[in-house]
Amino acid sequence: MKLNCKRIDFTYTPGEEIFNFPEESGLPFLFDVEEELTGDPAAMDAVGEMLDEAEELAEKAKAAIKAALADEDSRYHSVVTFFMEFHRDDVGPDIAAELFPGTDPSKLSFAEMVDFLKLKRFGSLVDDEMDQQVFIMDLSFNPEITDELMVIYFDLNKEIFCITHES
């Protein structure tokens, strides 16, 4: 079947997982969809729509991370603060300099660091707790240097319902 997506011409097999590296898909990030969804045309239409807006959703995710950093009462404040502290203060000055080129990492605020995050993976799966399709986005400073990720979950309405730190 053909994915209903404006940005790429992509064919998939219903009932089979999609897992493509950028060189396979032509996208600038990993793209994956679990097999349960590839057999559902409505779910795959949602995937195509969200994929067309992946960069806009990444910007929405960055704005949510910045908001969580600024709000100590946010349920995500501690997780995003820990992520930023680790990458600025705990990795060592040489690695921090590689993660934030052209800056003095020790002088970067956590909010400024968010702008260095890049979209590294976009996918869709069925969330077991919600029993519905969701979208998952991995943001990273540089996966060649660090395997730490800010992972953002979106619902079908393009609203963020979870921000977490994974490695």
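**Close-up views around Glu17**

**View 1. Glu17 sits in the segment before β1.** This is a predicted model, and we start at Glu17 to get our bearings. The strand that follows, β1, covers residues 18-20. Setting aside neighbours within four places in sequence, Glu17 makes contact with Val33, Glu34 and Glu35. For a sense of scale, look across to Asp94: the two residues are 77 apart along the chain, and their C-alpha atoms are separated by 39 Å.

**View 2. A patch of negative charge gathers on the surface.** Glu17 is one of its members. Joining Glu17 there are Glu35, Glu36, Asp40 and Asp45, together with Asp128, Glu129 and Asp131. Glu35 may look familiar from the previous view, as one of the contacts of Glu17.

**View 3. β1 pairs with β2 in the antiparallel sense.** Strand β2 spans residues 30-33, and the pairing runs over 3 bridges. To find your place, pick out Phe19, whose bridge partner in β2 is Asp32. Val33, a contact of Glu17, can be found here too, as β2 takes in residues 30-33.

**View 4. β2 also pairs with β3, here in the parallel sense.** Strand β3 covers residues 118-127, and 4 bridges link β2 to β3. A handy landmark is Phe31, which stands opposite Phe122 in β3. As a general reminder while you follow the strands, side chains in a regular strand alternate between the two faces of the sheet.

Methods. Residues numbered from 1 in each chain as written. Predicted model: local features only at pLDDT ≥ 70, side-chain atom pairs only at ≥ 80, totals over all residues. Heavy atoms only, no water. Patch = residues over 30% accessible without salt bridge, like charges linked within 9 Å, V, L, I, M, F, W, Y side chains within 5 Å. Areas by Shrake-Rupley, 256 points an atom, 1.4 Å probe, with all protein chains shown as cover. Salt bridge = Lys/Arg side-chain N within 4 Å of Asp/Glu carboxyl O. Lys, Arg positive; Asp, Glu negative; His and termini not counted. Charge placed at Lys NZ, Arg CZ, Asp CG, Glu CD. Helix = DSSP H or I, 4+ residues; strand = E, 2+ residues; numbered from the N terminus. Pairing = 2+ DSSP bridges. Contact = heavy atoms within 4.5 Å.
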